[in-house]
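Colleague: Got a minute to go through this model with me? I'd like to start with the backbone and then look at how the helices pack.

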Amino acid sequence: MRAFFLAFILFLSFNVYGLQKEIEKFFYTVVNDNKSFIFLEQLTRIGPRFIGSQGNVEAVLWAEKVFKDCGVKVWKEDFIAPRWVRGKLEVALIAPVERKLIAIELGGSSGTPKEGIEGEVVYFDSLEKLKEAPEHAISGKIVFVDFVMRRKRNGADYREGSRTRWLGPKIALEKGAIAYLMRSAGTGYDRFPHTGITAISYSDGLPAIALAPADADLLRRLKDSIPRVKIFSSSRQLAPVTAYNVLGEIEGKSREIILLGAHLDSWDVGEGAIDDGIGVATVLATACYIANYSLNRTVRFVLFNNEEFGLDGARDYFDRHKDDPHILALEADFGLGKVFKIRGEKKGLVGKVLKSIRRILKRYNVKWVEEKGRGGADISFFRDRGVQFIDITPDSTFYFDYHHTENDTFDKVQQENLQNITAFYATVVYTAATLKE
Ligand SMILES: [Zn+2]
């Protein structure tokens with residue numbers, strides 16, 4: 001009722017100054033409210049939400065209920081997704097010293113024969129060095145790529161870290177390697193190894209494995225002593241499954257669509273609290289905050305499924321909806337600190353939105369980077385199709401300590417930071433949906 005009343009006042013006093021005050025009031029209400037934190041706690045109780053798992057099914061039901069309870073129109077859209085199941089993994093150094101190595105398989109990695117596989121380790125400190133290496137140096141051996149990611153506020157090193165994970169196994173396979181080892185694409189100093197997707201598929205028959213930092217360090221120290229490693233894995237590929245994107249929508253006066261997305265699935269380890277529980281909680285809270293406003297534009301919320309293991313949900317959404325009148329898209333799938341940067345061009349609706357929240361940006365030390373937004377993986381299909389993007393970037397200094405590990409759990413998210421992230425997303429979406437031409 002209060003929101004309805006506010007919207008009515010807004011309608012009567014439609015001028016830039018009045019609107020700015022409304023926007024600021026909206027922001028300060030959200031930044032002091034715990035809705036997204038409550039949603040995150042509920043979601044992480046489910047546990048991991050990997051595609052094809054019971055947790056994924058439960059998360060779909062939960063998200064539908066949250067939209068419904070907030071009075072937002074909700075529906076599901078189905079698609080077919082691959083199913084891979086992690087089994088038992090044993091990685092052991094057998095020469096020049098014997099040691100169990102703490103490791104995790106990358107998604108889609110192949111199982112080994114019962115007796116395991118064993119081989120000499122050949123060392124590379126970067127993906128480029130692996131690319132340059134001749135086939136005879138790799139064939140029949142176990143490749144180890146030791147790229148070290150450093151903590152950065154914008155998480156910049158993940159670009160090379162994820163490239164090492166995505167392309168490394170493929171290159172190793174092409175050169176005849178029998179297994180692929182990498183230093184985890186992460187920045188922690190603990191013994192939590194980081195999983196993630198890679199470009200090879202299960203049928204390629206290559207075990208692809210990430211080592212915890214300490215274990216990668218050990219292998220590096222021994223690299224000149226012809227280390228040998230033994231690997232056993234019982235991971236399996238199963239029949240594809242039906243999965244669902246969950247969509248919510250608040251209709252505005254115009255059919256022009258503002259899309260806000262995050263991904264509902266997570267890896268099969270941890271609780272997916274930061275990846276992408278933060279994003280899911282942000283999207284659902286935003287929907288609840290603006291559900292009762294009278295909007296000029298339509299806002300569509302998309303909880304994409306299977307971002308992690310193939311982007312199938314994003315592809316399905318694009319196939320079904322590419323001709324819908326999207327004008328602005330945002331994705332919440334990165335960072336766990338406070339927002340420090342927003343990227344968006346000065347022209348069009350994006351420019352108007354960011355100008356309207358300038359005072360908030362200043363107060364919270366958020367830098368407006370006046371460039372075209374790039375979007376994240378799920379909305380990347382809409383890049384260069386006339387849809388504007390705004391990128392909201394929370395501090396990611398510690399994000400890659402936990403990302404894709406057993407250690408991505410609820411306790412890593414500070415309530416104050418989540419409320420800050422939610423407030424920026426919700427306010428940008430609210431402003432974009434409210435502004436007149
Ligand atoms: Zn993610």
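Modeller: Sure, we can take the backbone oddities and then the helices, keeping in mind that this is a predicted model.

Colleague: Great. Which peptide bond is cis, with omega near 0 degrees?

Modeller: That is the bond from Ala 95 to Pro 96. Pro 96 sits in the loop that joins strand S2 (89-95) to strand S3 (99-101).

Colleague: And what about the bond from Asp 275 to Asp 276, cis or trans?

Modeller: The bond from Asp 275 to Asp 276 is cis, with omega near 5 degrees. Asp 276 is placed in helix H8, residues 273-290. As background, most peptide bonds are trans.

Colleague: Let's stay with H8, then. How does the distance between its end C-alpha atoms compare with the expected span?

Modeller: The two agree: at 1.5 Å a residue, the 18 residues of H8 should span 26 Å, and the end C-alpha atoms are 24 Å apart.

Colleague: Is H8 enclosed or open to the outside?

Modeller: Largely enclosed by the rest of the structure, because 18 of its 18 residues are buried. Take Thr 282, which lies in H8. Thr 282 counts as buried because it has 31 C-beta neighbours inside 10 Å, and 20 is enough for that label.

Colleague: Which residues is Thr 282 in contact with, leaving aside its neighbours within four places in sequence?

Modeller: Ser 36, Ala 262, Ala 332, Ile 421, Thr 422 and Tyr 425. Pro 240, on the other hand, is 30 Å from Thr 282, C-alpha to C-alpha, with their positions 42 residues apart in sequence.

Colleague: Ser 36 and Thr 422 caught my eye there. How do helix H3 and H13 cross?

Modeller: The axes of H3 (residues 35-46) and H13 come within 8 Å and cross at roughly 115 degrees. That angle makes H3 roughly perpendicular to H13. The crossing is right-handed. On the H3 side the contact is made by Ser 36, Phe 37 and Leu 40, and on the H13 side by Gln 415, Leu 418, Gln 419 and Thr 422. Sorted by class, those residues of H3 and H13 are three nonpolar, four polar and no charged.

Colleague: So Ser 36 and Thr 422 are in that contact. What angle do H3 and H4 make?

Modeller: Roughly 155 degrees, with the axes of H3 and H4 (residues 54-69) coming within 9 Å. H3 and H4 are therefore roughly antiparallel to each other. H3 passes H4 in a right-handed crossing. H3 contributes Phe 39, Gln 42, Leu 43 and Ile 46 to the contact, while H4 contributes Gly 55, Glu 58, Ala 59, Trp 62 and Val 66. By class, the contact of H3 with H4 has six nonpolar, two polar and one charged residues.

Colleague: Back to H13 for a second. At what angle does H10 pack against H13?

Modeller: About 120 degrees, with the axes of H10 (residues 348-356) and H13 9 Å apart. That makes H10 oblique to H13. The crossing of H10 and H13 is right-handed. Leu 349, Val 353 and Ser 356 of H10 meet Val 428, Thr 431 and Ala 432 of H13. The contact of H10 with H13 has four nonpolar, two polar and no charged residues.

Colleague: Changing topic: what is the phi of Asn 306 like?

Modeller: The phi of Asn 306 is positive, near 50 degrees, in a residue other than glycine. Most residues other than glycine have a negative phi. Asn 306 lies in the loop between strand S12 (298-304) and helix H9 (312-321), and is buried, with 28 other C-beta atoms within 10 Å.

Colleague: How about His 404, and where is it found?

Modeller: His 404 has a positive phi too, about 65 degrees. His 404 is in the loop between helix H12 (399-402) and helix H13 (415-434). With 31 C-beta neighbours inside 10 Å, His 404 counts as buried.

Colleague: Last one: is His 136 buried or exposed?

Modeller: Exposed, because His 136 has 10 C-beta neighbours inside 10 Å, and 12 or fewer counts as exposed. His 136 lies in the loop between helix H5 (127-132) and strand S6 (142-145).

Note on methods: Residues are numbered from 1 along each chain as its sequence is written. This is a predicted model: local features need pLDDT of at least 70, side-chain atom pairs count only at pLDDT 80 or more; totals for chains, interfaces and linings use all residues. Helices (H or I, at least four residues) and strands (E, at least two) are DSSP runs, numbered from the N terminus. The expected span of a helix is 1.5 Å times one less than its number of residues. Axes are lines fitted to C-alpha atoms, for helices over the stretch in contact, and angles run from 0 to 180 degrees between N-to-C directions. Angles under 35 degrees count as roughly parallel, over 145 as roughly antiparallel, 65 to 115 as roughly perpendicular and the rest as oblique. A crossing is left-handed if the near helix is turned anticlockwise from the far one by less than a right angle, and right-handed if clockwise. Two residues are in contact if their C-beta atoms, placed from the backbone, lie within 7 Å. Ala, Val, Leu, Ile, Met, Phe, Trp, Tyr, Cys and Pro count as nonpolar, Asp, Glu, Lys and Arg as charged, and the others, Gly among them, as polar.
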